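Welcome, and thanks for opening the viewer. Let's take a walk through this structure together, one selection at a time.

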Amino acid sequence: MSLPTRTQLDATAVENFREYLRIPSVHPDVEYDGCVTFLRKQAKSLDLPLRIYHVAPGKPVVVITWEGTAPEEPAILLNSHMDVVPVFPNDWTHPPFGAEMDEKENIYARGSQDMKCVGIQYLEAIRRFKLEKKRFKRTIHVSFVPEEEVGGTPGMKEFVHTKDFKSLNVGFSLDEGAASPTENFYLFYGERSIWHVWITCPGTPGHGSIMFDNTAGEKIKHIIDRFMNFRAKEKAKLEDPKVKLGDVTSINLTQLRGGVQMNVLPDNVSVAFDIRLATTVNHKEFEETIRGWCKEAGEGVSLKFEQKNNQIENTKLDNSNPFWTALKKACDSINVNLETGIFPGGTDSRFVRLVGIPAIGFSPMNNTPILLHCNDEFLNKDIFLRGIEIYQKIIPAVASA
């Protein structure tokens, strides 16, 4: 029996990509059964074993494994997440889960960039290796995890601490990056730490016509001023073209709560801030700064962290990391020019790095507008297929390092 042609393999890859995109694994309350059924079919077509782990009911971690010739060596983890963020269908020009392809061969769907493309590119690269009878030294685990878009709980955040994860013997991980609008490709070796904090300011309640002392409004103003002044200083750093978003600490006011009606002074007002700490920031010192602002604001001001990531060491991009040197050499061989930096958002790589495993974020999408979480998210067919070719160079390199 003859092997499938390149054209046939490309058609299969695009078909699988579009089928995966049509599964509405969308928040809130994601139903993962469709993804699991789809991935079982893919594993069967590759003649590879699939295992499902659960860190919580209804939140499957799916792992497809290709054993290496030296399975005792630390394995490679190719990670992606199954879940996608909510959509506003009326604001899309194509159905967000239709995976329609237009005349320019742009494929429109939620998850086309973030990040169902990468999961399929891993599998389609492996399909081609297997047809070519190739084997690599290190075992390769292709993981599909839940709940990444809501902080990784329950998902990779908890999975990395389980016996099941440790049994995978992971030595290096690849995960998502981001689209690049230029000819170059983005590669990320670290992430800013996510802090989500609520600050509550109590105050004297009373009639809205009376100028009481110790009001919640006065205190909340002090807090907001402190945060926004700090934000302005960090934003000013971005005027230097050499400074990227991942290099600064971002602060954004995201929620305000308090009050009962217009003519009644509230007994408390709360404000929420989304903070992404630059990797150079000392966490202890920054928390002390915030607590100092609360103390300055007045009596009883308190803070509560809704999310507070640990400070995590960046993955080294030097000769001490053989996976990086192998990956870089592979990219250079096919003229894939990399722009390295700190990822401005958050991915599951931070949890992998937390347990001491080097991790790199990379999505092979160049000449593509950045549309993560946006309306009309799309990926061009040729860019998608080129990504498979890039992984056909990267995966053997790191699996043989």
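Begin by selecting P154, which lies in the loop between β6 (140-145) and α4 (156-159). The helices and strands named on this tour are DSSP runs, numbered from the N terminus: helices are H or I with at least four residues, and strands are E with at least two. Look at the peptide bond from T153 to P154: this bond is cis, with omega near -10°.

A word on what you are looking at: this is a predicted model, in which local features need pLDDT of at least 70 and side-chain atom pairs count only at pLDDT 80 or more, while totals for chains, interfaces and linings use all residues. Residues are numbered from 1 along each chain as its sequence is written, and side-chain values use heavy atoms, with hydrogens and water left out.

**Stop 1: another cis bond**

Now select P28, in the loop between α1 (6-21) and α2 (33-46). The peptide bond from H27 to P28 is cis too, with omega near 0°.

**Stop 2: a covered helix**

Next, pick residues 116-131, which form helix α3. From first C-alpha to last, its 16 residues reach 23 Å, close to the 22 Å expected at 1.5 Å a residue (the expected span is 1.5 Å times one less than the number of residues). Is α3 mostly covered or mostly uncovered? Mostly covered: 14 of its 16 residues are buried. Here buried means under 20% relative accessible area, exposed means over 50%, and partly exposed is in between, using a 1.4 Å probe and protein chains only. After α3 comes K133, with a positive phi near 60°.

**Stop 3: an open sheet**

Colour the four strands of an open sheet, whose order is β11-β13-β9-β14 with antiparallel pairing. Two strands count as paired if DSSP finds at least two bridges between them. Strands of a sheet pair through backbone hydrogen bonds, either parallel or antiparallel.

Which strands stand at the edges? They are β11 (250-258) and β14 (302-308); each has a single partner strand, so one side of each is left without a neighbour in the sheet. From one strand to the next, the twist averages 20°.

Zoom in on β9 (residues 193-202) and β13 (residues 268-277), which pair in the antiparallel sense over ten bridges. To see one matching position, select S193, which stands opposite L277 in β13.

**Stop 4: two helices on the sheet**

Add α6, which packs on the sheet and touches β9, β11 and β13; its direction makes about 10° with that of β13. Then add α7, which packs on the sheet as well, touching β9, β11, β13 and β14, with a direction about 15° from that of β9.

Turn to how these helices meet. Helix α6 (residues 216-237) and helix α7 (residues 283-297) pack at an angle of about 145°, with axes 8 Å apart. The axes are lines fitted to C-alpha atoms, for helices over the stretch in contact, and angles run from 0 to 180 degrees between N-to-C directions. Contact means heavy atoms within 4.5 Å. To show the meeting place, select K219, H222, I223, R226, F227 and F230 of α6, together with F286, I290, W293, C294, E296 and A297 of α7.

**Stop 5: a strand covered on both faces**

Select strand β16 (residues 359-362), where A359 and G361 on one side and I360 and F362 on the other are all buried. Three bridges join β16 to strand β7 (residues 170-175), and these two run parallel; S173 stands opposite A359. Two bridges join β16 to strand β8 (residues 185-191), this time antiparallel; L187 stands opposite F362.

Stay with F362, which counts as buried because its relative accessibility is 1%. Not counting residues up to four places away in sequence, F362 touches D175, E176, G177, F185, Y186, L187, L338, I390, Y391 and I394.

**Stop 6: two asparagines and an arginine**

Select N214, in the loop between β10 (206-207) and α6. Although not a glycine, N214 has a positive phi of about 60°. At 34% relative accessibility, N214 counts as partly exposed.

Then try N335, in the loop between α8 (322-333) and β15 (338-343). Its phi is positive, near 60°, and at 65% relative accessibility N335 counts as exposed.

Finish at R386 in helix α10 (residues 381-399). Its relative accessible area of 28% makes R386 partly exposed. Leaving aside neighbours within four places in sequence, R386 is in contact with I334 and V336.
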